[in-house]
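User: Could you take a close look at the empty space inside this one and walk me through it, cavity and pocket together?

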Amino acid sequence: MRLPWDARFEEETRTYRFRGCCEDCAMFLPERGECAHRYPTWEHRRARFDALLEGCDVVFCKEFETA
(Lines give C-alpha, C1' and ligand atoms only; values in the text may rest on other atoms or scores of the structure.)
Protein backbone atom coordinates (compact mmCIF):
# COMPACT_ATOMS: atom_id res chain seq x y z
CA MET A 1 0.00 0.00 0.00
CA ARG A 2 1.29 3.46 -0.88
CA LEU A 3 0.16 6.64 0.91
CA PRO A 4 1.37 10.23 0.81
CA TRP A 5 3.42 11.40 3.80
CA ASP A 6 1.75 14.52 5.16
CA ALA A 7 1.50 16.44 8.44
CA ARG A 8 -1.51 14.40 9.60
CA PHE A 9 0.25 11.10 8.92
CA GLU A 10 3.36 12.31 10.75
CA GLU A 11 1.30 13.40 13.77
CA GLU A 12 -0.61 10.11 13.90
CA THR A 13 2.66 8.17 13.59
CA ARG A 14 3.98 9.87 16.73
CA THR A 15 0.68 9.79 18.64
CA TYR A 16 -0.05 6.11 18.05
CA ARG A 17 3.61 4.95 17.95
CA PHE A 18 3.20 3.56 14.48
CA ARG A 19 5.36 0.56 13.65
CA GLY A 20 5.60 -0.44 10.02
CA CYS A 21 9.27 -0.63 9.10
CA CYS A 22 11.21 -3.78 8.30
CA GLU A 23 13.09 -3.45 11.58
CA ASP A 24 9.76 -3.87 13.42
CA CYS A 25 8.65 -6.90 11.42
CA ALA A 26 8.92 -10.54 12.47
CA MET A 27 9.92 -11.45 8.89
CA PHE A 28 13.01 -9.20 8.92
CA LEU A 29 16.38 -10.90 9.29
CA PRO A 30 18.56 -8.18 10.88
CA GLU A 31 21.80 -10.14 10.61
CA ARG A 32 21.33 -10.24 6.83
CA GLY A 33 19.35 -7.00 6.42
CA GLU A 34 16.78 -8.91 4.38
CA CYS A 35 13.19 -10.07 4.44
CA ALA A 36 12.68 -13.78 5.17
CA HIS A 37 10.24 -13.85 2.24
CA ARG A 38 12.79 -12.16 -0.01
CA TYR A 39 10.67 -9.04 -0.55
CA PRO A 40 12.63 -5.89 -1.35
CA THR A 41 13.19 -3.82 1.79
CA TRP A 42 14.58 -0.46 0.66
CA GLU A 43 11.18 1.31 0.73
CA HIS A 44 10.26 -0.10 4.14
CA ARG A 45 13.43 0.54 6.17
CA ARG A 46 13.39 2.90 9.16
CA ALA A 47 16.15 5.11 7.75
CA ARG A 48 13.96 5.87 4.72
CA PHE A 49 10.89 6.60 6.88
CA ASP A 50 12.94 8.93 9.09
CA ALA A 51 14.09 10.88 6.02
CA LEU A 52 10.66 11.27 4.40
CA LEU A 53 9.32 14.72 3.73
CA GLU A 54 5.76 15.85 3.20
CA GLY A 55 4.54 14.81 -0.24
CA CYS A 56 6.75 11.71 -0.43
CA ASP A 57 5.11 8.32 -0.53
CA VAL A 58 5.05 5.96 2.43
CA VAL A 59 5.07 2.34 1.30
CA PHE A 60 3.74 -0.46 3.48
CA CYS A 61 4.66 -4.09 3.03
CA LYS A 62 1.82 -6.57 2.64
CA GLU A 63 3.77 -9.16 4.66
CA PHE A 64 4.34 -6.96 7.74
CA GLU A 65 3.86 -8.90 10.96
CA THR A 66 4.66 -7.49 14.38
CA ALA A 67 7.66 -9.01 16.03
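Analyst: Terms first: on a 1 Å grid over the protein atoms alone, a cavity is a set of points where a 1.4 Å probe fits but cannot get out, while a pocket is an open set with protein on both sides within 12 Å along at least five of seven lines; a lining residue has an atom within 4 Å of a point. Points are joined across faces, edges and corners, and a volume is the space filled by probe spheres set on them. This is a predicted model, where local features need pLDDT of at least 70 and side-chain atom pairs pLDDT 80 or more, while totals for chains, interfaces and linings use all residues. Numbering runs from 1 along each chain as its sequence is written, and side-chain values use heavy atoms, with hydrogens and water left out.

OK, the cavity. There's 1 of 30 Å³ or more, and the largest holds about 100 Å³. Its lining has 13 residues, with Cys22, Cys25, Cys35, Thr41 and Cys61 nearest the centre. That lining splits into 10 nonpolar (Ala, Val, Leu, Ile, Met, Phe, Trp, Tyr, Cys, Pro), 3 polar (the others, Gly among them) and no charged (Asp, Glu, Lys, Arg).

Now the pocket: the largest has about 200 Å³ of space. Trp5, Thr13, Arg46, Phe49 and Asp50 sit closest to its centre, out of 13 lining residues. Here the lining divides into 6 nonpolar, 1 polar and 6 charged. Helices H1 (7-15) and H2 (46-51) each supply at least two of the lining residues; helices here are DSSP runs of H or I, at least four residues, numbered from the N terminus.
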